[in-house]
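Q: I would like to learn how to read a structure with protein and DNA in it. Could we go through it one feature at a time?

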Protein chains: 2
Amino acid sequence: MKITDETTRVWTTLVSTSRELVEQAEADLKGAGLPPLSWYDALLEIEDAGEDGIRPFILRERLLLPQYGTSRLLDRIARAGLIERRICDEDGRGQVIFITPEGRGTRQKMWPIYAKMLEGQIQDKLTAKEATTLADLLDKIRPAV
Amino acid sequence: MKITDETTRVWTTLVSTSRELVEQAEADLKGAGLPPLSWYDALLEIEDAGEDGIRPFILRERLLLPQYGTSRLLDRIARAGLIERRICDEDGRGQVIFITPEGRGTRQKMWPIYAKMLEGQIQDKLTAKEATTLADLLDKIRPAV
DNA sequence: TAGGTATACATGCAGTCGCATCTATAACGA
DNA sequence: TCGTTATAGATGCGACTGCATGTATACCTA
């Protein structure tokens with residue numbers, strides 16, 4: 001079980017690059033008085049669900065979060081008034097989540113901050129070809145979902 | 001400020017691949033009744049420091065952790081008896097950290113678990129050339145440290 | 001249709017994190 | 001040498017996470 005230097009370098013650069021970029025995005029958002037990244041992902045999915053809303057367990061699958069994580073994330077976002085939880089007519093155990101106008105507005109305010117970070121930290125630093133190669137290689141080592 | 005699809009794909013694969021691999025490693029370690037990854041990194045640095053020990057603020061720089069994070073991480077590791085904190089003769093504000101035999105032993109037990117994950121999730125999935133390319137590309141987007 | 005099992009979601013608890021602040025010592029400038 | 005500023009490290013507090021478990025409804029099988 002010999003681990004090569006290249007493997008170690010992939011591991012360390014992967015973890016630290018990811019961590020630093022995420023921290024950068026979180027700091028930018030916080031600096032603009034906006035919610036964290038996790039809210040963005042959730043709001044985007046909920047907004048995309050449109051008129052029908054979305055069930056928490058579906059959201060959970062999309063966001064790859066643990067069940068309790070989803071439950072509490074929705075709690076917080078709902079407390080901020082950005083989503084609305086309605087009981088689910090078809091399933092008495094469940095609920096359906098809808099985005100509110102405030103939720104839509106907040107997500108829209110988040111995007112420029114988010115995009116600016118992606119542009120400055122990723123897009124400007126890679127050619128289109130490099131970006132494709134990078135994403136392809138990351139996909140190769142990504143555990144099956 | 002137009003974000004291309006390649007950029008988005010880099011971002012999402014980067015974040016999710018990193019997260020999933022870290023979770024995998026944490027789960028493997030926990031499954032073996034061993035401490036989390038962060039302890040490994042700290043123990044390794046402290047062990048490498050050898051007879052002289054290491055100052056927490058140096059460790060902080062190496063591990064890229066916040067100051068309070070370092071302080072509390074060392075607290076936990078010390079409570080488990082894996083390191084020893086001694087007062088620093090040269091600097092009355094500070095301390096010097098040394099690894100204990102138990103600490104050495106724990107780190108050694110952690111390595112095979114860690115290595116097995118790196119082997120299975122990274123090394124087996126990439127050629128040496130691909131690994132180098134991947135690490136190089138990650139370095140290109142890594143924020144300056 | 002009754003009883004068991006599976007699914008949807010919530011939550012108590014303990015551990016960890018981020019933030020701000022605190023204490024103590026060191027270093028430096030007038 | 002005294003007062004100011006910088007540095008090393010700890011910590012109270014509130015927010016978040018993981019884990020285990022709880023509650024309620026749905027489904028399924030005999």
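**A buried residue and a DNA surface**

A: Let us start with burial, keeping in mind that this is a predicted model. A residue counts as buried when its relative accessible area is under 20%, and A:Thr17 is therefore buried, because its relative accessibility is 0%.

Q: Where is A:Thr17 found, and with which residues is it in contact, leaving aside its neighbours within four places in sequence?
A: A:Thr17 belongs to helix α1 of chain A, which covers residues 5–31. Beyond those neighbours, A:Thr17 is in contact with B:Leu14, B:Leu138, B:Ile141 and B:Arg142. Its side chain also reaches the backbone oxygen of A:Thr13, at 2.6 Å.

Q: Which residues are the closest to DNA strand C?
A: DNA strand C is surrounded by 19 residues, and the closest are A:Phe57, A:Ser71, B:Tyr68, B:Arg72 and B:Arg76. Of the strand's atoms that come within 4 Å of the protein, 60% belong to sugar and phosphate. By class, this surface has nine charged, five polar and five nonpolar residues.

Q: Which parts of DNA strand C lie at polar side-chain atoms of A:Lys30, A:Gln67 and B:Arg72?
A: For A:Lys30, a polar side-chain atom lies 3.4 Å from a phosphate oxygen. For A:Gln67, the partner is a base nitrogen at 2.8 Å, and for B:Arg72 it is a base oxygen at 2.6 Å. The elements giving two or more residues to the surface near the strand are α3 (56–63) and α4 (67–79) of chain A, together with α4 (67–79) of chain B. The largest share, four residues, comes from α4(A).

Technical notes: Residues numbered from 1 in each chain as written. Chains lettered and ligands numbered in written order. Predicted model: local features only at pLDDT ≥ 70, side-chain atom pairs only at ≥ 80, totals over all residues. Heavy atoms only, no water. Near = heavy atom within 4 Å. Polar contact = N/O pair within 3.5 Å; in protein donor to acceptor, adjacent residues only side chain to side chain. Nonpolar A, V, L, I, M, F, W, Y, C, P; charged D, E, K, R; others polar. Buried < 20%, exposed > 50% of the residue type's maximum accessible area, 1.4 Å probe, protein only. Contact = heavy atoms within 4.5 Å.
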